[in-house]
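I opened my notebook to go through this structure piece by piece. Here is what I looked up, in the order I got to it.

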Amino acid sequence: MKILLVNCSPVKNGATAEVIKTAAAFLSSGGEVKCICIDDYDIKYCKGCRSCHTTAECVQRDDVTAVLEEFDRAEIIVCVSPSYWADIPGQFKAFIDRCTPWCNTHEPYAKLKSEKRGYTIALRTGPSMRECGRIIESIEHFYGHLEIAPCGSLGLCSIEYKEAVAARTDEIREFCEKILNPQATEKQPKLKSKLFSELSAAEIYEILKARSKVFQFEQNIHYLDEDDVDYKSLHCFFEEDGRVTAYLRAYLDSENIRFGRVLTITHGIGHGKRLMELSITAARNHFGSRTIIMNAQNHAEGFYRKLDFVTTSAEFLEEGIVHIEMELDVTKVN
Ligand SMILES: Cc1cc2nc3c(=O)[nH]c(=O)nc-3n(C[C@H](O)[C@H](O)[C@H](O)COP(=O)(O)O)c2cc1C
């Protein structure tokens, strides 16, 4: 498998280059990896003359074709772009503009070989994922018109300089595993998010069974699980072969959204992280964009911190187990 990693930043040895170096180390176990930097090529601005609409060629002569040849040699393309003023850097935008001869909105166009997969990593200094989303959208739009299938993306916030990349190795490795093993990703269950009145009798039974198995049977907590909060909750869960394998409930607690009863039955396959990420989006779609609060068992503090939750209380006992209160600020968009 030939994999091309494209540094969309003009900085050859900055944070983007460091993300590429980290990703290349993981991806090289599954293919032949080549890394290029947009700044190594002579790329003139598009003149907007539209000659390419009839000739499928540019009137200017520079390195754009050489970059597209690299694209054409690869089966997997991973564009890694920093945010410059909440967008892709100008150098990469100039390159995209110059790809108009390869754009499928007019005939003839210079086609790339088919069945390429495209991935995107966006990084930025600021904390909100929304801006990474903009960059990912631009690059996936570009992929779409070159008939490269957009297959996945990763946003990395809070990275100013390359020294900050080492702490993000786990996220980059996990993303690279998805690139190398896309079937595993396809098999992941979809999130169900339902109000109490929308749940079937079997779903309610399976949810209560999962909660009782984890909290009462495994963790030996003695409490009345059916506490009426379920009636006002959004129930977020994965269901596999009719069984609930991950679950949480979300409900309004004054101005905030409160998460509770968080559990996973199958461990170690990223279910917990996916459940949280998808449920944050589902809960905010349902209750509005609000801060999310939860009482977390203190051994899970590190897990929630990686999802941008911060600790807002000292340790306290709940049902005999040490907890802390954590919150995900309203500005943190998943
Ligand atoms: C000109 C310029 C504009 C930037 N604009 C933003 C921005 O709008 N939002 C943001 O979060 N970070 C912004 N950054 C920070 C970069 O996204 C961040 O430092 C990134 O890690 C740089 O990667 P690089 O060293 O590979 O270029 C900007 C950096 C530069 C140089």
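**Strand β9 and its partners**

I started with strand β9 (residues 256–264), where 7 of the 9 residues are buried, so I noted the strand as mostly covered. My cut-offs, with C-beta atoms placed from the backbone: a residue is buried if 20 or more other C-beta atoms lie within 10 Å of its own, exposed if 12 or fewer, and partly exposed in between. Helices (H or I, at least four residues) and strands (E, at least two) are DSSP runs, numbered from the N terminus.

Before going further I wrote down the ground rules: this is a predicted model, in which local features need pLDDT of at least 70 and side-chain atom pairs count only at pLDDT 80 or more, while totals for chains, interfaces and linings use all residues. Residues are numbered from 1 along each chain as its sequence is written.

Next I asked which way β8 and β9 run. Strand β8 (residues 243–253) is antiparallel to β9, and 7 bridges join them; I call two strands paired if DSSP finds at least two bridges between them. L252 has I257 in β9 as its bridge partner. The two strands make a hairpin with 2 residues between them, and S254 in the turn has a positive phi of about 45°.

On to strand β10 (residues 292–297): β9 pairs with β10 in the parallel sense, over 3 bridges. Here I met I257 again, this time with I292 in β10 as its bridge partner.

**The parallel sheet**

I then traced an open sheet of 5 strands, in the order β2-β1-β3-β4-β5, with parallel pairing. Why do β2 and β5 each have one side without a neighbour in the sheet? β2 (32–37) and β5 (148–156) stand at the edges with a single partner strand each, so one side of each is left free of a neighbour there. From one strand to the next, the twist averages 20°.

I looked more closely at one pair: strand β4 (residues 116–123) and β5 are parallel and share 8 bridges. A122 stands opposite G155 in β5.

Two helices caught my eye here. α1 lies across β1 (2–7), β2, β3 (76–82), β4 and β5, and runs at about 170° to β1. Helix α3 (residues 64–73) lies across β1, β2 and β3, at about 145° to β1. For these angles, axes are lines fitted to C-alpha atoms, for helices over the stretch in contact, and angles run from 0 to 180 degrees between N-to-C directions. Contact means that the C-beta atoms of two residues, placed from the backbone, lie within 7 Å.

**Around the ligand**

Which residues come nearest to the ligand? Of the 18 around it, they are G14, A15, T16, R124 and G126; a residue is near if its C-beta atom, placed from the backbone, lies within 6 Å. Helix α1 (residues 15–27) gives the largest share of this shell, with 3 residues. By class I noted 9 nonpolar, 6 polar and 3 charged residues. In this scheme Ala, Val, Leu, Ile, Met, Phe, Trp, Tyr, Cys and Pro count as nonpolar, Asp, Glu, Lys and Arg as charged, and the others, Gly among them, as polar.

**Backbone oddities**

I found a cis peptide bond from E107 to P108, with omega near 0°. P108 is in the loop between α4 (90–98) and β4.

A86 is not a glycine, yet has a positive phi of about 60°. A86 sits in the loop between β3 and α4, and counts as exposed because it has 12 C-beta neighbours inside 10 Å.

E319 is not a glycine either, and its phi is positive at about 50°. I placed E319 in the loop between β12 (316–318) and β13 (321–328); with 11 C-beta neighbours inside 10 Å, E319 counts as exposed.

**The whole chain**

Stepping back, I counted 10 helices and 13 strands. The chain divides into domain 1 (2–185) and domain 2 (191–328), with bounds from an automatic or database domain assignment. Taken over C-alpha atoms, their centres are 36 Å apart. The C-alpha trace spans about 75 × 40 × 40 Å along its principal axes. Of the 334 residues, 33% are buried.
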